[in-house]
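Colleague: I would like to go through this model with you and ask how each label was earned. Shall we begin once it is on the screen?

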Amino acid sequence: MAKKLSHMIKHDYLGLDVPSIRQGLANHLNYTIAKVPITATSRDWFHAAAHTVRDRLIERWTETVRHYYQTDCKRVYYLSLEFLTGRILVNSMLNLGIYDECDTVLKELDLSIPELFELEPEPALGNGGLGRLAACFLDSLATLRLPGYGYGIRYEYGMFYQRLYHGHQIEQPDNWLRYGNPWEFPRPEVLYQIHFGGQVVEYKNESGQLSFHWKDTEDVMAMAYDTPIPGYATNTVNNLRLWAAKSSRDFDLEDFNNGNYIGAVENKNRSETLSKVLYPNDNTANGRELRLRQEYFFIAASIQDILRRYLSNHTDFNALADKVAIQLNDTHPALAIPELMRLLLDRHHLNWDDAWRISSNVFSYTNHTLLPEALETWSVPLLERLLPRHLQIIYEINFRFLKEVSHRYPGNMDILRTLSIVAEEGEKQIRMAHLAIVGSHKVNGVAALHTYLMKTTVFADFDRFYPEKIINKTNGITPRRWLNEANQGLAKLLNQTIGKTWTTDLSQLRQLNTLVDDSQFQHQFQAIKQANKQQLVDFIDNKLGIKINPNALFDVQVKRIHEYKRQLLNVLHVITRYNYIRQNPDIDIVPRAVIFAGKAAPGYATAKLIIKLINDTAEVINNDPVVGDRLKVVFIPNYDVSTAQRIIPAANLSEQISTAGTEASGTGNMKLALNGALTIGTLDGANIEIRDEVGEDNFFIFGLTAQEVLELRQRGYNPWEYYHNNHSLKQVLDMINSGYFSPEDTQRFKGIFDILTHQGDHFMLLADYADYIACQNHIDEVYRDQSTWIRKSILTVANMGKFSSDQTIREYANEIWQITPVDHE
């Protein structure tokens, strides 16, 4: 009946002008929020405004989806355990082109967009660069009118909320759904059964073919929640589908009636734990099991959903690889490979060769790390217990793969051990990166150096076996979020100077190269930077009670806290600088505000100790009258997308100081450079390509190269030599070790001293220290000449066009996914 009457049901198209938005706001306040203006709170107005904007997304969203079905176009599905979308209201206004109209209406009500911005909860669905990259890619897919979907988990609490207690990181649940989420659409009809445990039974089907039945399983339901992702200045609105775990049996009435009230809901509580929290602490066996359950839960639901959508237009799987591309964002979704094989083999009864040909042409894999400890593995006993059928399929994939390898390299047992998906040393492990490489038709690194190291170190044998498979796709960032929204002052200056096309063609920034010596443009550019710095000064004062000099050099390191990212090297410089001022109290030195932000994984004790050291160091330095405002240290807690949008436009200096060869790419380096910060960095990740684009004269390089790190390690690196041969370094380390910054607990930071000395300084901070300090001193000299600094800053912005995620996504679309734009009215 509904289909019969569909031609009679027509909706009104909503206007984008001020009167239409005013009417939408009034209607939603009345009919959606059920309030009148006199009783409405600011949060009520936020929800009314969000629904008003959302309405205009929905009509474009439904048209986009309808057109994809009508054209039966090839679609890409981006599978990621993280999506750090950031707040959605302002981004949607800007992408729809209604920011000024909304601003006008809200001002009539004595409200402002910044006021409502602060009331929007931020979806805590990621930890760092991995999730933010995924969000940038979704933005670019929609802006380029490419048919793309995101799939992930709707974490109820997501990444923890970081508080500081006496300088220690304290993790608290981040209940981002407390006030509801106006952007999501629950889809209770989109529900899939996910199996765990049980046993696998072999049998012969009616054709005499060996078949497998996975039975006696523990089941969980995956329910979909959809969020529209709008492109900029286009009618395309794509979909982010997140899965929430639901119990297959909510309530046991018999248990309840027998008085077992806890047991009556036990199954529901256990099932729904799956999507409660992002990244459970995997230092325990229970934590690792929950992590594996999460990974399989979301990929199993996603693969079923993808096949359901494909089969709505097709009766067999011959065209699956022509209509479906699946991108694995790191190894977390790699179980999608045996899951698709399971469905094709066991449910749809394809033979192995056909199923494998289809599957391997569907998948592609992005590698994000070469650190051995970060390359994901799962123990065979755990997989055997939780996913017995998948383990069988992985073994079969490995058997057939190694057979090919042995034909190519007869008698070479070493290469069989190196390439095997199954690691045999100790307890057997499944190497998920190996599974992803074998099961994908393309594998990509995320920066030129990273890809080179993939092909010459960790995955060198794979590159020899699959010579065309591993390629480079340097990461990118969306200029809509990271310049048009985050730095609206600079965005307006660019619009007035070079036009608005830079928002979708970042190469247009090259026009600024002709303005670097224009004194009027320099003055405008500098005034915007100074206004951004003042806003950050006010934010830090209000939030932390720390007063910093707005004319100081804002030296920024904002990223996940990890030893390889070397926040600790930054601290060594801060203490060195502190000692220099103390020893020369009348010295005329460039004032610095050193700003840190980032979260440490809950189970990562060393990273949490580094946060404590930063805060204890700040406590001493910030309260030393000899130092005054010549040096301040600030750790801003709970770093997220919104906090990044405050800090990044205000930065003068971007710290990208990881040990060469350890950072895959980095995108914080791109965001800071796009907003005019100059970079101090090692030749690591995308730093190399940024330097090549902006020019070596506008990039402060220091430290060992990746090759020099390797050679020094091979010769035998001894950090004690650097400790004893550099007086300033020895003084700094002795201060940390002796408890200078922790007089109430002199042993507190002994572990950090030991890591840098007795334990071998794995990330070579001491080897790079002298060069780092010299580079920082050179930066002081350059910053004194503000005209030169501003010139370098403008040149940096002008030459960042390569690092738009639009460019990256075009390359993925053309070279990996083979998808094309889909236009619609």
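Colleague: How many residues of each class, nonpolar, polar and charged, are in the lining of the second largest pocket?

Modeller: By class, that lining has 11 nonpolar, 7 polar and 4 charged residues. The classes are fixed by residue type: Ala, Val, Leu, Ile, Met, Phe, Trp, Tyr, Cys and Pro are nonpolar, Asp, Glu, Lys and Arg are charged, and the others, Gly among them, are polar. Bear in mind that this is a predicted model, where local features need pLDDT of at least 70 and side-chain atom pairs count only at pLDDT 80 or more, while totals for chains, interfaces and linings use all residues. Residues are numbered from 1 along each chain as its sequence is written, and side-chain values use heavy atoms, with hydrogens and water left out.

Colleague: What volume does the second largest pocket have, and which residues are closest to its centre?

Modeller: The volume is about 640 Å³. The lining has 22 residues, and Glu485, Ala486, Gln488, Gln535 and Gln645 are the closest to the centre. Two or more lining residues come from each of α6 (113-119), α22 (488-498), α23 (519-544) and α26 (641-647), and α23 gives the most, with 6 residues.

Colleague: What makes a space a cavity and not a pocket?

Modeller: Both are found on a 1 Å grid over the protein atoms alone; in a cavity a 1.4 Å probe fits but cannot get out, whereas a pocket is an open set with protein on both sides within 12 Å along at least five of seven lines, and lining residues have an atom within 4 Å of a point. Points are joined across faces, edges and corners, and the volume is the space filled by probe spheres set on them. By this rule there are 10 cavities of 30 Å³ or more.

Colleague: How much space lies in the largest cavity, and which residues are nearest its centre?

Modeller: About 170 Å³ lies in the largest cavity. It is lined by 15 residues, with Thr85, Asn91, Ala135, Ile229 and Arg481 nearest the centre. α4, α7 (129-143) and β8 (218-230) each give two or more residues to that lining, and α7 gives the most, with 4.

Colleague: Why is serine 92 called buried?

Modeller: Buried means under 20% relative accessible area, exposed over 50% and partly exposed in between (1.4 Å probe, protein chains only). Serine 92 has 1%, so it is buried. Serine 92 lies in helix α4 (residues 89-96) and touches Val53, Leu57, Trp183 and Pro230, leaving aside residues up to four places away in sequence; contact means heavy atoms within 4.5 Å.

Colleague: Is threonine 606 buried, partly exposed or exposed, and what makes it so?

Modeller: Its relative accessible area is 21%, so threonine 606 is partly exposed. The residue is in helix α25 (residues 605-622) and, with residues up to four places away not counted, touches Glu563 and Ile755. Its C-alpha atom is separated by 9.9 Å from that of phenylalanine 749, 143 residues apart along the chain.

Colleague: What is the phi of aspartate 110, and what is the phi of arginine 566?

Modeller: For aspartate 110 phi is near 60 degrees, a positive value in a residue other than glycine. Arginine 566 likewise has a positive phi near 60 degrees and is not glycine. Most residues other than glycine have a negative phi. Aspartate 110, in the loop between α5 (99-108) and α6, counts as exposed because its relative accessibility is 71%. Arginine 566, in the loop between β17 (553-558) and α24, is buried because its value is 1%.

Colleague: How do you know that the length of α24 agrees with its number of residues?

Modeller: The expected span is 1.5 Å times one less than the number of residues. For the 17 residues of α24 (567-583) that gives 24 Å, and the end C-alpha atoms are 25 Å apart, which agrees. Of these residues, 14 are buried, so α24 is largely enclosed by the rest of the structure. Helices here are DSSP runs (H or I, at least four residues), as are strands (E, at least two), numbered from the N terminus.

Colleague: What makes a set of residues a nonpolar core?

Modeller: The members are buried Ala, Val, Leu, Ile, Met, Phe, Trp, Tyr and Cys residues joined through side-chain atoms within 4.5 Å. The largest such core has 122 residues, and Leu79, Trp243, Phe297, Ile326 and Trp817 have the most contacts inside it. Helix α11 (residues 285-311) gives the most to this core, with 11 residues. Another core, of 65 residues, lies apart from it and includes Leu613, Val627, Phe763 and Leu765.
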